[in-house]
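Here is a short, friendly briefing to read alongside the coordinates. Have the sequence and the 3D view open as you go.

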Amino acid sequence: MKVIYRTLTLLALVGLLFSACQWDEDLGLYAGAKCPPRNDEGELLGEMISECYDEDYQPTDCPYNKKVMRCHTDHKCVETELGSELYECKLGEINVDCSVGQIMCNGKCVDPKSNAAFCGAKGSCQGEDDSASDYAGINCGEDKVCRGGICACASGDVLCDGVCVNPKTNQEFCGAKGNCEGEDAGEKCLNDQSCQNGDCRCPAGKMVCDGKCVDPATDKQYCGAKGSCSSSSEDENSMGKKCAGAQICDNGVCTCPRPGNILCGDECIDPSTNKQYCGASGDCKGANAGTTCNDVDSHIKSCVEKECVVTACSTTNHTLCPQMGEDATFTGQNLCISLSDNHKHCGACNTPCNLTK
C-alpha cells in the first residue's frame, strides 16, 4: 500500500513538473520567441528541425515548448545552417520573432524598409558599415521618411542641400524637382517675392525688373514697364522709362508732380514763373525752351505769366515805372527811371515836365 502511495505521489510530482515546464505560460519559462516565426496572417514560415523532450522537461535541455510553440525565455528562434525555413531554439542568438520583412532593432521589431529610425538596417541591426551584413541603418530624422530602405522626403517634398523642402512654397528652392541640382534646383525668390505653387511671384501689381519687384505704375526707374521687363524698346517687354530728375512716375508715365509744371533739364519748372525757362513748353528743348529773363543794366527781370518783365530796379535813384503806349495803355513792360532828370517822368512816373514854365 505504501509503495502504491509513493508511486502515485511521484507520478503527481512528475505531472506538475511537466505542466510547469511545458504547458503553463504563466510561469514565464516559455515567454521567448515564437518558433517557427509567423507572417502577419499568422501562417508559419517554416518548421522546427528538432523538438526535444527529456523525462524531466528541464529548460536547459528542452528550450522549446511545442504546445505554445515558443522558445524558453533565454533562447531565441533562429534559422539553422541546414537552410531556410528550418528553425531551432538557441541560447543568446538573434531573435527572429518578428513578422516577415522585420528585424529586431533595439528590442523592437522594425521594418528596415520603412522605419525612419533604423532605415536600411540588416542582420543584427548593429554597426555603421552599410556594406556589412550587420548594419544599424540610418536615423532619417523628423523631416524625412524611410522609403525602400532609403531616407527620403515625405510625399511632395524634395531633398535640397540635405533638407526636405516643399518646392511649391520654399523661398530658396522654389519649383525644385528630381535631385534638386542644376536646373532642377528651382530658383531663389527675391526678398519681396513669395513662392506660390512653385513659381516666384511679386506682390500684386508688381513685376520683376532687373532682379527686383517693382511697381511699373510708380517706379521712377522702370516707369511703364511691361511683360518680361527685358527690352529697351517700346514693345510688349519694355523696361519702361527712367524718370528724370524731379519727375515722378504717375500711372506708368513720367511727369512732374505739380500740374502745369514741365521738365526742363533735370528740374520740374513752372514756365509761367521760371526765370530761366520763361514761357517754355513741350519737351523744353530748342524753340520750346522759352526765354531766359536776363537782367539788363539796372533792370531786374522776372518771369510773369510766361513773359520776361522788369519787376525791380537795382539802383536806389531809379524808380520802376510802367511803360505806357501811345494810347496811354500799359504795354506790359516796366522801366527803371530816374525821376529827377527824365522829362517824360518828371518827378513821377509817366508825368512829363511842363516845358513852357
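The points below move from the whole chain to two single residues.

This is a predicted model. The protein has 357 residues, of which 28% count as buried, and its secondary structure consists of one helix and 23 strands.

**Overall picture**
- About 22400 Å² of the protein is exposed, and carbon and sulfur atoms supply 49% of that area.
- If you look at contacts between residues at least 6 apart in sequence, 29% of them join residues at least 24 apart.

**Backbone background**
- Most residues other than glycine have a negative phi.
- Two residues with a positive phi are worth finding in your viewer: Asp-297 and Asn-350.

**Asp-297**
- You will find Asp-297 in the loop that runs between strand S19 (267-269) and strand S20 (299-304).
- Its phi is near 50 degrees, a positive value in a residue other than glycine.
- Asp-297 has a relative accessible area of 72%, so it counts as exposed, the cut-off being over 50%.

**Asn-350**
- Asn-350 sits in the segment after strand S23 (330-337).
- Phi is near 60 degrees for Asn-350, which is again a positive value in a residue other than glycine.
- Is Asn-350 buried, partly exposed or exposed? Its relative accessible area is 33%, and because that value falls between the 20% and 50% limits, Asn-350 is partly exposed.

How values were computed: Residues numbered from 1 in each chain as written. Predicted model: local features only at pLDDT ≥ 70, side-chain atom pairs only at ≥ 80, totals over all residues. Heavy atoms only, no water. Helix = DSSP H or I, 4+ residues; strand = E, 2+ residues; numbered from the N terminus. Buried < 20%, exposed > 50% of the residue type's maximum accessible area, 1.4 Å probe, protein only. Contact = heavy atoms within 4.5 Å. Areas by Shrake-Rupley, 256 points an atom, 1.4 Å probe, with all protein chains shown as cover.
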